[in-house]
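Visitor: I'd like a walk through this one, a few questions at a time. Could you start once the structure is up?

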Amino acid sequence: MNVLYIDLSKYKYEIVNRKDLFEEWIGGVGVGIQLLKEELNPKSDPLSEENVIVFAVGPFTPAYPLASKTVALFKSPLTKNLGESHAGGRTATAIANAGYGAVVIKGKSKKPIYIVIENDKVHFRDSRVLWGIEDSLIVGRIIAEKEEGRGIRTVMRIGGGGEKLVRYACVTTETYRHFGRLGLGAVFGSKNLKALVVVGRSSVLPKDKKGYREIYDKIYKITLESDAMQKYHLIGTAVNILPLNELRSLPTKNLKSTRFEGAEEISGESFAIYNLGRRIACNHCPIACIHIAALRVPYEQEKYFYKTIMISYDYELIYALGSMLGIHSREGLLKLIHRVEVYGLDAMSTGVCLAWATEALEKGLISEEDTVVRLLFGDYEAYLKAVDYLVKQPTEFYKILAQGVEKASEVYGGKDFALAFGGNEMPGYHTGYAAHIGYLIGLRHSHLDSAGYSIDQKVKEVKPKDIVDKLIEEEKWRQVLSSLVVCFFARKVYTPEIIVEAFKPLGVEIDENGLLELGSKIYAEKLKLKRKMGFDVKSLRIPKRILETETLHGKLDKRFIDEALDYYAKLVNEITG
Ligand code: SF4
């Protein structure tokens with residue numbers, strides 16, 4: 001299996017067969033971590049030339065349904081630690097069909113460029129003319145017009161957020177998918193890299209075609225019969241808004257509350273009834289969970305003329321830019337989601353930063369001179385302007401807020417209500433201990449590391465140690481899924497048994513124990529790298545706000561979380577030696 005190494009400083013590239021890595025570490029995260037270890041100085045500045053980006057796909061791409069994701073690994077400019085982000089769209093298929101298991105990007109271009117990978121050729125295109133175009137959708141359209149490979153290519157690019165080094169800028173791929181979390185967009189920006197296009201023209205044949213067909217059909221059938229089809233296809237993850245609101249778990253107005261009076265208006269059901277325009281899917285996915293709303297917007301100068309904007313929405317976006325900012329209006333919320341999309345920002349971090357800023361303004365820690373506009377919970381017009389300012393950075397305040405809520409609260413105060421975990425802004429679940437301990441100890445400080453929110457909803461009485469054990473066990477297994485790299489929505493489809501079966505026609509023999517061991521090994525490798533990058537359990541901060549606002553288990557006790565962290569610290573020492 002080949003790895004493509006691209007050096008932006010020298011405008012050179014090299015293709016190397018790294019069968020050694022893929023045999024030992026499968027692909028995706030497993031291989032990506034090894035490549036990062038080889039190429040990256042863990043102490044480097046994430047926005048310097050020294051940072052390295054690895055894109056990796058898995059052995060099931062493009063062979064099996066829902067192996068639709070690509071994993072990106074890098075040093076995060078937001079947390080200054082290990083960055084990992086997954087995206088769907090067409091990226092994984094394009095990389096695999098171009099003949100690569102991974103692409104490594106090093107160095108920094110002297111001028112703005114974009115890269116085009118076409119199987120074994122790499123072109124470095126001057127993109128000075130694109131630099132300064134803040135709208136990532138327009139950038140995508142221009143590149144798509146110019147480059148070949150319609151239908152078999154991916155266009156990953158940044159908007160104004162990445163160019164202005166907003167530490168939570170994302171990389172947008174195709175139209176509605178993102179390497180969203182932890183600031184890959186800023187790393188692109190720091191390297192003068194506006195976009196990465198991959199055109200994949202080859203295809204791969206399985207060793208045992210008959211066996212492949214059989215297991216393919218089985219996976220397809222299980223997927224169609226799974227509850228993922230019902231839940232994710234019908235209403236999408238936005239279906240969670242109403243139940244979480246009922247459970248007192250929906251973070252509202254900077255988590256001052258977990259009940260949002262406007263939940264009904266911004267629920268997945270309301271979006272589906274009044275705004276849903278269509279559903280789309282990542283490549284090779286029969287579920288199609290991506291929900292797109294149609295928003296009709298009048299042209300300012302022309303009467304009776306309208307444009308229709310298609311806007312992707314899901315639970316996390318509705319939480320972060322909706323309930324967290326107190327926004328009831330679906331139209332206002334869609335406009336805000338669209339603005340964040342245009343600039344290429346991570347919606348979760350943006351929402352949490354703006355929610356903190358609103359409360360900091362209420363409390364007098366900052367003034368309207370800082371924010372330029374008066375931020376008020378529920379006022380989406382004000383937030384639309386504030387999103388512009390996060391990118392244009394007209395005041396020192398926005399320059400700081402563009403570095404994340406942890407940084408902003410260090411400078412202006414208000415740490416008690418700055419909702420970041422390990423430097424990463426909070427996901428949308430205030431369900432109880434497991435969710436928050438999960439954010440603290442997860443390797444990405446994200447709800448994607450382990451579904452703590454689900455433990456909270458299933459289990460009433462549980463000890464700190466048991467929660468940590470459960471979370472780590474789940475995170476270890478997710479290393480296997482992330483090495484394959486399958487969509488986490490398919491985690492009930494890709495059981496150990498199915499994975500072992502699916503490997504066989506591809507000529508890979510591994511048993512269930514082998515998979516579990518591999519998950520533990522990759523988890524340990526990541527933790528070691530994280531430590532080398534400076535991670536220390538003792539430096540984890542518990543935002544006081546999560547102890548003040550009721551969860552579905554009532555108010556949380558700090559002693560419980562401290563006990564969990566003490567136990568976790570011991571495990572980290574044991575694992576990393
Ligand atoms: S379930 Fe959704 S996110 Fe996952 S691969 Fe399918 S369309 Fe993409």
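Visitor: How many residues of domain 2 are in contact with domain 1?
Guide: Keep in mind that this is a predicted model. The domain assignment puts domain 1 at 2-199 and domain 2 at 226-407, with domain 3 at 424-576. Where domains 1 and 2 meet, 32 residues of domain 1 touch their partners, and the number from domain 2 is 22.

Visitor: Which helix gives the most to the side of domain 1 that touches domain 2?
Guide: Three helices each supply at least two residues there, namely α3 (91-97), α4 and α5 (160-163). By class, that side has 13 nonpolar, 12 polar and seven charged residues. The top contributor, with three residues, is α5.

Visitor: How far apart are the centres of domain 1 and domain 2?
Guide: The centres are taken over C-alpha atoms. On that basis, the separation is 26 Å.

Visitor: Where does the ligand lie with respect to the domains?
Guide: Look at who gives residues to the shell around the ligand: domain 1 (2-199) does, and domain 2 (226-407) does too. Since both contribute, the ligand lies between domain 1 and domain 2.

Visitor: How many residues of the shell around the ligand are charged?
Guide: There are 13 residues around the ligand, and those that come nearest are Gly88, Cys282, Cys285, Cys289 and Cys487. Sorted by class, the shell has 11 nonpolar residues and two polar ones, and the charged count is zero.

Visitor: Why do the buried residues of α4 line one face of the helix?
Guide: In α4 (residues 136-146), the buried residues are Ser136, Val139, Gly140 and Ile143. As a rule, an α-helix has 3.6 residues a turn, so residues three or four places apart point the same way. Seen down the axis of α4, the buried ones line one face because they fall within an arc of 100°.

Visitor: Which helix do the buried residues of α4 pack against?
Guide: Several strands are on the list: β7 (113-118), β9 (153-157), β10 (171-173) and β12 (193-199). The helix that joins them is α12 (330-343).

Visitor: Within what arc do the buried residues of α17 fall?
Guide: α17 covers residues 405-412, and its buried residues are Val405, Glu406, Ala408 and Ser409. They pack against α13, α16 (396-401), β16 (420-421) and β17 (424-425). They also line one face of the helix, because seen down its axis they fall within an arc of 165°.

Visitor: Which residue with a positive phi follows α17?
Guide: The phi in question is near 90°. The residue that carries it is glycine 413.

Visitor: Which helix gives the largest share of the largest nonpolar core?
Guide: That core has 187 residues, and Val54, Val197 and Trp356 touch the most other members. The largest share is nine residues, from residues 347-362, which is helix α13.

Visitor: Which residues is valine 54 in contact with, leaving aside its neighbours within four places in sequence?
Guide: Valine 54 is one of the core members that touch the most others. Its contacts beyond those sequence neighbours are Gly32, Leu35, Leu36, Ala72, Leu73, Ala102 and Val104.

Visitor: Is leucine 255 buried or exposed?
Guide: Leucine 255 sits in the loop between α9 (241-246) and α10 (268-274). Its phi is positive, about 60°, although it is not a glycine. The cut-off for this class is 20 or more other C-beta atoms within 10 Å. Leucine 255 has 23 such neighbours, so it counts as buried.

Visitor: What about lysine 80: what is its phi near?
Guide: Lysine 80 lies in the loop between β4 and β5 (82-87). With 16 other C-beta atoms within 10 Å, lysine 80 is partly exposed. Its phi is positive, and the value is near 60°.

Visitor: Which bond from leucine 484 is cis?
Guide: One cis case elsewhere is the peptide bond from threonine 61 to proline 62, with omega near 0°. From leucine 484, the cis bond has omega near -25° and is the peptide bond to valine 485.

Visitor: What distance separates the C-alpha atoms of arginine 201 and asparagine 97?
Guide: Arginine 201 is in the loop between β12 and α7 (209-225), and its contacts include Asn97. The two residues are 104 apart along the chain, yet their C-alpha atoms are separated by 5.8 Å.

Definitions and conventions. Residues are numbered from 1 along each chain as its sequence is written. This is a predicted model: local features need pLDDT of at least 70, side-chain atom pairs count only at pLDDT 80 or more; totals for chains, interfaces and linings use all residues. A residue is buried if 20 or more other C-beta atoms lie within 10 Å of its own, exposed if 12 or fewer, and partly exposed in between; C-beta atoms are placed from the backbone. Helices (H or I, at least four residues) and strands (E, at least two) are DSSP runs, numbered from the N terminus. The arc is that of the directions from the helix axis to the C-beta atoms. Two residues are in contact if their C-beta atoms, placed from the backbone, lie within 7 Å. A residue is near a molecule or strand if its C-beta atom, placed from the backbone, lies within 6 Å of it. Ala, Val, Leu, Ile, Met, Phe, Trp, Tyr, Cys and Pro count as nonpolar, Asp, Glu, Lys and Arg as charged, and the others, Gly among them, as polar. Domain bounds come from an automatic or database domain assignment. A nonpolar core is a set of buried Ala, Val, Leu, Ile, Met, Phe, Trp, Tyr and Cys residues joined through C-beta atoms within 7 Å.
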